[in-house]
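Biologist: I have a model open and I'd like to learn how to read it feature by feature. Can you walk me through?

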Amino acid sequence: MDVFNAVQHLLSLPDESDLKSSNTPAKIYIRDSRAMASTPVDVKEYPKSYVFIADMPGLKSSDIKVQLENGNVLTLTGERKREEEPGSTYLSLERRVGKFMRKFTLPSDANLQNISASCKEGVLTVTVPKIPPPEPKKPVTVDITVG
C-alpha cells in the first residue's frame with residue numbers, strides 16, 4: 001500500500017464515537033492509528049543529540065506525556081479536548097480534538113537516561129542526547145630493554 005492510499009484509508013476510518021463502545025484489539029488499533037496519523041512531528045539530528053518537535057497548541061504540559069517504553073521507544077501521548085460552554089453552539093468545527101500519539105524507536109547511540117522535554121508557546125521539544133562514540137584505542141608502546 002503506498003503512502004497516499006494509507007493516508008486515505010486512515011481518513012476513512014470510523015468516528016471516535018463509533019470506537020468508544022468497545023475495546024477490541026482491532027478498535028484499539030484503529031484508535032491508535034488515527035492518533036498517530038494526526039500528530040506530525042519533526043525530527044532533527046545534531047552531532048550530540050536527536051530533537052523531536054511537535055506543535056501542541058492550546059495544551060498545557062500536564063496534558064502531554066513523554067515516556068520511554070520497551071527500553072528504547074520514545075512515546076508522545078495526550079489528549080486535546082473540546083471546550084463545551086453552556087449557552088453556546090459551534091457553527092464550525094475544524095480544530096482537531098481527541099487523543100494523539102507518536103512512537104519512535106531510538107537508535108543505539110541514544111542516551112536513554114538523560115532525555116529532556118519542554119513545552120513553550122505550544123511547541124513540545126524532546127531532546128535525546130547521544131552517547132559519545134568510544135575513544136579510538138591508542139597504540140601501546142612497549143619499552144625494549146637491552147639485555
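Biologist: Let's start with contacts along the chain. What share of the contacts with a separation of 6 or more comes from residues 24 or more positions apart?

Modeller: Keep in mind that this is a predicted model. Here, residues 24 or more positions apart account for 49% of the contacts with a separation of 6 or more. One pair to click on is Gly58 and Gly122, which sit 64 residues apart in sequence and 6.3 Å apart in space, C-alpha to C-alpha.

Biologist: And which pattern do the helices and strands follow along the sequence?

Modeller: Reading along the sequence, you get α-α-α-β-β-β-β-β-β-β. That comes to three helices and seven strands.

Biologist: Next, the core. What should I expect of nonpolar side chains in general?

Modeller: In soluble globular proteins, they tend to be buried together. In this model, the largest nonpolar core has 16 residues, and those with the most contacts inside it are Phe52, Met56, Leu74, Leu76, Val126 and Val128. The elements giving two or more residues to this core are β2 (49-55), β4 (73-80), β5 (98-105) and β7 (123-129).

Biologist: Say I pick Leu74. Which residues does it touch, leaving out those up to four places away in sequence?

Modeller: Among them are Phe52, Val126 and Val128, but Leu74 also touches Gln67, Arg102 and Lys103.

Biologist: How much of the protein is buried, and how much area is exposed?

Modeller: Of the 147 residues, 22% count as buried. The protein exposes about 11,500 Å², with carbon and sulfur atoms supplying 54% of that.

Biologist: On to backbone angles. Which non-glycine residues should I check for a positive phi?

Modeller: Try Asn70, with a positive phi of about 50°, and Glu121, also with a positive phi of about 50°. Asn70 is in the loop between β3 and β4, while Glu121 lies in the loop between β6 (116-120) and β7.

Biologist: Are those two buried or exposed?

Modeller: The cut-off for exposed is over 50% relative accessible area. Asn70 has 73%, so it is exposed, and Glu121 has 84%, so it is exposed too. For Gly58, in the loop between β2 and β3 (64-69), the value is 80%, so that glycine is exposed as well.

Biologist: Last one, pockets. What lines the second largest pocket?

Modeller: Its lining divides into five nonpolar, two polar and nine charged residues. The volume of this second largest pocket is about 380 Å³. Of the 16 lining residues, the closest to its centre are Arg80, Lys81, Glu83, Arg95 and Val97.

Note on methods:
Residues numbered from 1 in each chain as written. Predicted model: local features only at pLDDT ≥ 70, side-chain atom pairs only at ≥ 80, totals over all residues. Heavy atoms only, no water. Core = buried A, V, L, I, M, F, W, Y, C linked by side-chain atoms within 4.5 Å. Buried < 20%, exposed > 50% of the residue type's maximum accessible area, 1.4 Å probe, protein only. Helix = DSSP H or I, 4+ residues; strand = E, 2+ residues; numbered from the N terminus. Contact = heavy atoms within 4.5 Å. 1 Å grid on protein atoms, 1.4 Å probe; cavity = no way out; pocket = protein on both sides within 12 Å on 5 of 7 lines; lining within 4 Å. Points joined across faces, edges and corners; volume = space filled by probe spheres on them. Nonpolar A, V, L, I, M, F, W, Y, C, P; charged D, E, K, R; others polar. Areas by Shrake-Rupley, 256 points an atom, 1.4 Å probe, with all protein chains shown as cover.
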